[in-house]
Every structure is written in structure tokens, then in C-alpha cells.
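Student: I would like a close look at one kind of contact between side chains. Please take me through it slowly.

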Amino acid sequence: MHTRRKEQNHFTMASLMCLIYLILLFPLLLCSIEGRNNIPLTEEEDLELEKELQSLNKPPVKTLKSFTGDLFDCIEIYKQPAFDNPVLKNHKLQIRPSFQTKSKVTMDGNFKLPLDPGFNDTCPLGTVIIRRTRKEELIMAKELPKYFRHYDSRYDLLDSSGKNYFAIMQSHKARYHGIQCGITTWALPNVGPDQSTTNQVWMLGDLDGPKEDLNVIQTGWHVRPRLYDDKFTRFFTYYTIDNHKTGCMNLLCKGFIQVSAIFGPGHAFTGSDLSTYGGKQAYFSFEIRKDPELGHWWLSTADENLGYWPKEVLPSLDVAKAIDFGGVVYSPNNEGSPPMGSGYLAEEGIGKSSYFMSVSYIADDQHAFTPGKDWARGLLTAPDKYYQIIAPIPDGGPWNVAYGGPGGLFNSSVV
């Protein structure tokens, strides 16, 4: 009896010590969890973010909730945030591109986005659909530029906290008025919380001018857990006017003008909008094209005009001097790199690897063309057991480019 009471006292004391330890440790654990998703802010910065959040999230006519839990607001088209940008003070809204009213370009019917944004409802006439911005996204947007390509940095990051790896096609320098293509869309649940994987097109401005003034348009799909706090495959837009020292993701700032009430930046691809390994392939087809009359850069899918980057916000992008497309991944130095594309190597082929399909450039005369063998080159910044790109220039027919891989490469420069 005495022994049992002694054991009970010992157990009680051990439990108490454990509880005290957990109480002391909890704040550290909490800080660690919060530190992953937050950047320390001063009181002044926090107030400024609150002000910006109110400016971006306009009073909606209606709010839709997607199947992924995102809130999308139906905003009157003339009251969308872009028109608060001082450089757009005198901008006249363009409802559709001029080239579409004269001779609408019909993209390959095999590569159509089903345009099912995942709602049980629709936005009313006269409004545009805009994903509601969360404060956490504005905070994360502060560090986004470091994940993007800095043109003169040999594809490295702007700091030493992590590493980017690329598998891309680079055009030679010329004059381009746009690009048409389709990208296979995939779910990539194995992307880590601090990693990102992106599949995109870069429209690069004047490469011969000052590097700090380089204008770039980017769009495609990505998985970026730190920004969205999830691992959904999402459509995105991005632009920079200073070679990625700063930049604008989706509608987190006032630049891209939305015209669609159906689909827009930040939408998640789910269900039938995603490809399956060895099975059905889902394609997101889009076109980036300069309007020859007004000079704005339009973004359209096979079925829908989504919106445009006004020429006023891209002062050094009269024409694109080069176009790149492919995959890029980011990972902190202490982690193996994430999957790219489908997560399988390009050599596995159709149905298994990721593809850019039916790629064509748009020339000065507004006609789409498939580049010849000397018009583009592949660039791979990692051993081909981790990522690959296979892009033979065709003698005729569509230009299809396979790329991607499982990743797992650690930054070799870090001991």
C-alpha cells in the first residue's frame, strides 16, 4: 500500500513537471508556427496593411464561396481596385481587345479550359469576379519577389535563403506581340510549406535597356503554400517593372484590370480540371497578346477574356524582346527541391509528364507562328535526374514541350 502511494506520488510529480514543461514550451512552439507564416511588422506597417486591405477589398455587390473555401467578390467593373492606381487615373476601360472584334483568333479546340470556377452561383451583369484578399497574403507579398527570376542573376535568388531551379525554353531576342499555349494542370500535394513550384510564361521587355527597368509579365499555374495557406493548384498573374525588385501577384495590388465575371487570378484547379497520371489530361489554354490599337497586354483563355495589363503600368514593355516558358521551383537551403510539372520526368511522355502544348508566338503582323529550330533553346539548371526539358523544334505541326521532374535536389552550395 505504501509502495503504491509512493508510485502514485511519483506519477503525479512527473505529470506536473511535464505540464509545467509544456506550458513553458508552448509560447516557443506558437512562435515557431506563427513565424512560418508571418513576417514581423511594426505598428505603422500593420496600420498601413489594414488600410491597403480595405482599399483592395471593395464593397461587393455579391459574394461567392468556392468549393475550396475561397471568397470571391462580385465588384462593379468600374469600381475595381486597379482604378485606384494613380497612373490609371485617366485610363479608359477596354471591354475586349480590338483584335478580337476584327478577326478573333480561335485556339486549338482540344485544349480548352472548362471554365468551371467551382461555384454554385454566378456574378451579376456589370461586375467582375475578384478573389478576396487576406491580410496574410499582403504580408507574404512583401517577400514574393525573392522567389522570382532576377534577369541578371544567372537564375539565382535575390538572397541566399534558398535556391531556384529552372527547366525552361528561351526564345532568341526578337520582337514578340504575344504567345499562345496550353499547359497541363496537375495536383502536387508534396510541395513543402516553405517551397513553391511554378509553371509559367515570361514575357520580357527591353533586354538591352537598364536591367533595373526591365518589365516582365508572368502567368500560368503554381502551388505556393506560404501565400495561400494551402496546396491547391492555382492560376496566377504577376508583373514587375523593376526586374523583380518589386512585383505584383494576382490582384494583391492595383495593376491588372479584370473584365471577366467567371474566372480570374487566384482560382484553384480541382477535380476534372487536373490531369491524372496515365489517364485523362487536363489543359489550361491561354493567350497573352498586345492589343495593336491601344497597346494593352490582354490575357485570355480559349473561351474567355480575363483582363489586361494596361500599357500605363508597363512603361518599358512596348513589345516583348524575349519569351520564356517552362517550370521553376523554389526550396529553402535545408530542404530537397519540390516536384515540378507533373512530378515525373519529361522523358515519360504524354499522359505522364507535364507539357506546354501547341506553343506559338505572335509576330508584329499579329499572326501566330511556330518558331524554327534556331528560335529557341532549352535551359536546365539542375541535373536531369531531378528535372528535364525535352523540346524538339518541329518541322511542321504543333510544338509540344515536355518538362518537369520529381525534385529532391539539395542546394549544393550549402555545406
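Student: Which residue forms a salt bridge with K58, and how far apart are the closest N and O atoms?

Tutor: The model is predicted, and the distances below are computed from it. The partner of K58 is D84, and the closest N and O atoms of this salt bridge are 2.4 Å apart. In general, side chains of opposite charge can pair when their charged atoms come close.

Consider where the two residues sit. K58 is in the loop between helix 2 and strand 1 (62-65), while D84 is in the loop between strand 2 (71-76) and helix 3 (98-103). They are 26 residues apart, and the pair links distant parts of the chain. K58 has a relative accessible area of 17%, so K58 is buried, as the cut-off is under 20%. D84 has 37% relative accessibility and counts as partly exposed.

This pair belongs to a longer list, for the structure holds 19 salt bridges. One of them joins the side chains of K135 and E50, at 3.0 Å from N to O. Here K135 belongs to helix 4 (residues 135-141) and E50 to helix 2 (residues 43-56), with their positions 85 residues apart in the chain numbering. E50 is partly exposed, at 31% relative accessibility.

Another salt bridge is formed by the side chains of D364 and R175, also given as 3.0 Å from N to O. D364 is in the loop between strand 16 (354-362) and strand 17 (368-369), and R175 is in the loop between strand 4 (162-171) and strand 5 (178-184); the two are 189 residues apart. D364 counts as partly exposed at 40% relative accessibility, and R175 counts as partly exposed at 43%. Salt bridges can also share partners: D70, R131, R134, E136, E137, D230 and R234 are joined in this way into one network.

Strand 2, which comes before the loop that holds D84, leads to another kind of link. A disulfide joins C74 to C123, with the sulfur atoms 2.0 Å apart. C74 lies in strand 2 and C123 in the loop between helix 3 and strand 3 (127-131), so the disulfide ties together parts that are 49 residues apart in sequence. C74 is buried at 0% relative accessibility, and C123 is buried at 10%. The link is left-handed, with -80° about the S-S bond.

A search of the whole structure finds two disulfides. Besides C74 and C123, C248 is joined to C253, with an S to S distance of 1.7 Å.

Technical notes. Residues numbered from 1 in each chain as written. Predicted model: local features only at pLDDT ≥ 70, side-chain atom pairs only at ≥ 80, totals over all residues. Heavy atoms only, no water. Salt bridge = Lys/Arg side-chain N within 4 Å of Asp/Glu carboxyl O. Helix = DSSP H or I, 4+ residues; strand = E, 2+ residues; numbered from the N terminus. Buried < 20%, exposed > 50% of the residue type's maximum accessible area, 1.4 Å probe, protein only. Disulfide = S-S within 2.5 Å.
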